Amino acid sequence: MEAMAREPHISERTCIVTRRPQPPEAMIRFVRGPDGALAPDIRARLPGRGVWVTARADLVAQAARKKLFARSLKTQIETAPELAEEVDRLLEADCLQMLALANKAGVVVAGFGKVADALARGPVGALLEATDGGE
């Protein structure tokens, strides 16, 4: 008898704004802090029940404006009016920290010639390009 092949389990979370299920990597988790304020959980590691919002500033702002966090967490919760900007700042800081760690590990390549050589050798994990860079 043939063993049935199991399909890998794909984790999904439902956005409290769009009500669409998505993988957690495409979303931001929020939790209620001990002080009653809403805390963005960028790394999705904080304890407690969390709610998920698709990682778009307009959807985070809409969730705060429509008080969807309080409804989903089933409790009164304070949401800062500049929540979307705070999430943007936290994501930017997290990305810079990851880039710094990759640089310390020696896997970051900088400079036109070195980057061109790395791209010619094969696939790269990510390519960051300056907005004012030339063609």
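**Notebook: helix 3 and threonine 54**

I began at the end of helix 3 and found that glycine 106 follows this helix, with a positive phi near 80°; helices here are DSSP runs of H or I with at least four residues, strands are runs of E with at least two, and both are numbered from the N terminus.

I kept in mind that this is a predicted model, in which local features need pLDDT of at least 70, side-chain atom pairs count only at pLDDT 80 or more, and totals for chains, interfaces and linings use all residues. I also noted that residues are numbered from 1 along each chain as its sequence is written, and that side-chain values use heavy atoms, with hydrogens and water left out.

I looked up the span of helix 3 (residues 83-104): its 22 residues reach 32 Å from first C-alpha to last, close to the 32 Å expected, where the expected span is 1.5 Å times one less than the number of residues.

I then listed Leu83, Ala84, Val87 and Asp94 as buried in helix 3 (buried is under 20% relative accessible area, exposed over 50%, partly exposed in between, with a 1.4 Å probe and protein chains only). They lie on the same side of helix 3 because they cover an arc of only 95° around the axis, taken from the directions from the helix axis to the C-beta atoms. On the other side, I found Glu85, Leu96, Asn103 and Lys104 exposed.

I turned next to threonine 54, which lies in strand 5 (residues 50-54) and is buried, with a relative accessible area of 10%. Leaving aside neighbours within four places in sequence, I recorded contacts of threonine 54 with residues including Cys15, Ala26 and Leu59 (heavy atoms within 4.5 Å).
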